[in-house]
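Please consider the structure shown here, together with its sequence. The explanation asks where the ligand is held and how several individual residues are placed.

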Amino acid sequence: MSLPFDLRANPKPRSAADRRAILAEPGFGLYFTDHMSVATWTSADGWHDSAVVPYGPFQLDPATAVLHYAQEIFEGLKAYRHADGSVWLFRPEKNADRFARSATRLALPVLPEADFLGSIEALVSADAAWVPGGTEPGSPEPAAVTTGEQSLYLRPFMFASEAFLGVRAAHRVTYACIASPAGPYFAKGVHPITIWISTTYTRAAPGGTGAAKCGGNYAASLVAQAEAAEHGCDQVMFADAAEHAWLEELGGMNVYLVTRDNELITPELTGSILEGVTRDSILTLAREFGLTPVERRVGVQELLDGLGSGQVTELFACGTAAVITPIGVIKHEGGEVTVGSGETGETTAALRKNLLDVQYGRAEDTHGGLRRVL
Ligand SMILES: Cc1ncc(COP(=O)(O)O)c(C=O)c1O
């Protein structure tokens, strides 16, 4: 039986005027809606105490295990409003599946797919007015105009909430999903970013947690991101841990190369790369764009040589937050190289437009990825 996520309504929701002001300029990850979904797991009773409750702080004992041993996982997906006012998720089953795999890797309990989806749909229903692009109920004002890139970002997460300092899997775990309105990732339009290939730091090693979406991976990437910034770069690209010779991914995005012979290449999943939902959607779309999708090991030197010779024509990063981000310049210890003309490539732009058009209901959802919530 699925967990019930009944609404315990927030007695003090934000005023419609406050919400409108936030939705006019939400930024990313700054504001949160009036509610959150929660559930508790204990080794004795399994999953229970599920509900949609007023958004608010957790009270944590200082000995709470997650604060010491980082037994924690999370997900990221979006709710999109279509022109007719309806609200949709895009391939949320993939997030449920990855959440389950992350849980298994971090010795956390699996939240069944139906409960993962139920928690999200109940939260989006409770906070429907927070999905950008809607009309305010009872308001004489017209619906906010969407730029086609505003959404309600959803952040399901789970952590060891048992107060116990022994190093073992917690016997008490808290699950929650919070929601945050998000503006277009690129407020001034899409511009190619600059990437630093780090040979100092790695993100994940064979047998480690790279394929899981756990907080520790992101904590470990921050110093490398700072190194990238010191070199004037926007993002860091990680190579493999053993040889520093094979491309893996960015701190929060997967990577793709487009070649002169119309191959669309992405590093194969080795266990240390996060299996991105966007990465997978692009693999599926490739043939519709006359591209041959290829998953294989890609050498750092092969990339640099390919950019030099013109064999690699475009390079882009992809993930839920920024969809598809063109990469214009690669910097590394040995120098720097421009990708093509340094501008957004044609294939990159076309794939980006298609994904967004499907997510926002402007193009046919030929692969059946959309799931209606409202
Ligand atoms: C390390 C990492 N790689 C790749 C991705 C892209 O995954 P997705 O397309 O599912 O957002 C993300 C974002 O979730 C990430 O954090």
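The paragraphs below begin with the ligand and then turn to single residues in strands and loops. The model is a predicted one, and every value quoted is computed from it.

The ligand is a convenient point of entry. It sits in the largest pocket. Two elements each give two or more residues to the shell around the ligand, namely helix 6 (277-285) and strand 14 (312-319). Altogether 16 residues surround the ligand, and those that come nearest are K213, Y218, E249, T278 and T320.

Several polar atoms of the protein can be located beside oxygen atoms of the ligand. In T278, a polar side-chain atom lies 2.5 Å from a ligand oxygen. For V277 the partner is a polar backbone atom, which is 2.8 Å from an oxygen atom of the ligand. R98 contributes a polar side-chain atom, again at 2.8 Å from a ligand oxygen. How much of the ligand does the protein bury? Taken alone, the ligand exposes 380 Å², and 95% of that is buried by the protein.

Attention may now pass to the loop that joins helix 2 (65-69) to strand 3 (72-74), where Q71 lies. Is Q71 buried or exposed? Its relative accessibility is 8%, and because buried means under 20%, Q71 counts as buried. Beyond its neighbours within four places in sequence, Q71 is in contact with V66 and with residues further along the chain, including L106, A107 and L108. Its contacts also include M158, F159 and A160, as well as R168, A169 and A170.

A70 is found in the same loop, between helix 2 and strand 3. Although A70 is not a glycine, it has a positive phi of about 55°. A70 has a relative accessibility of 40% and therefore counts as partly exposed. Another residue with a positive phi is N262, at about 60°, and N262 is not a glycine either. N262 is found in the loop between strand 11 (254-259) and strand 12 (263-267). Its relative accessible area is 40%, so N262 is partly exposed.

In strand 2 (residues 46-54) the residue to examine is S50. S50 counts as buried because its relative accessibility is 11%. Which residues does S50 contact, apart from its neighbours within four places in sequence? They are L3, P4, F5, V38 and A39. With P4 there is a specific polar approach: the side chain of S50 reaches the backbone oxygen of P4 at 2.5 Å. S50 can also be placed relative to F157, from which it is separated by 107 residues in sequence and by 14 Å in space, C-alpha to C-alpha.

The last residue to consider is S86, in the loop between strand 4 (77-81) and strand 5 (87-90). With a relative accessibility of 3%, S86 counts as buried. Its side chain takes part in two polar contacts. One joins it to the side chain of D84 at 2.5 Å, and the other joins it to the side chain of W88 at 2.7 Å. Leaving aside neighbours within four places in sequence, S86 is in contact with Y80 and R81, and also with R372 and L374.

Technical notes
Residues numbered from 1 in each chain as written. Predicted model: local features only at pLDDT ≥ 70, side-chain atom pairs only at ≥ 80, totals over all residues. Heavy atoms only, no water. Helix = DSSP H or I, 4+ residues; strand = E, 2+ residues; numbered from the N terminus. Buried < 20%, exposed > 50% of the residue type's maximum accessible area, 1.4 Å probe, protein only. Contact = heavy atoms within 4.5 Å. Near = heavy atom within 4 Å. Polar contact = N/O pair within 3.5 Å; in protein donor to acceptor, adjacent residues only side chain to side chain. Areas by Shrake-Rupley, 256 points an atom, 1.4 Å probe, with all protein chains shown as cover. 1 Å grid on protein atoms, 1.4 Å probe; cavity = no way out; pocket = protein on both sides within 12 Å on 5 of 7 lines; lining within 4 Å. Sits in = over half its atoms within 2 Å of the grid points.
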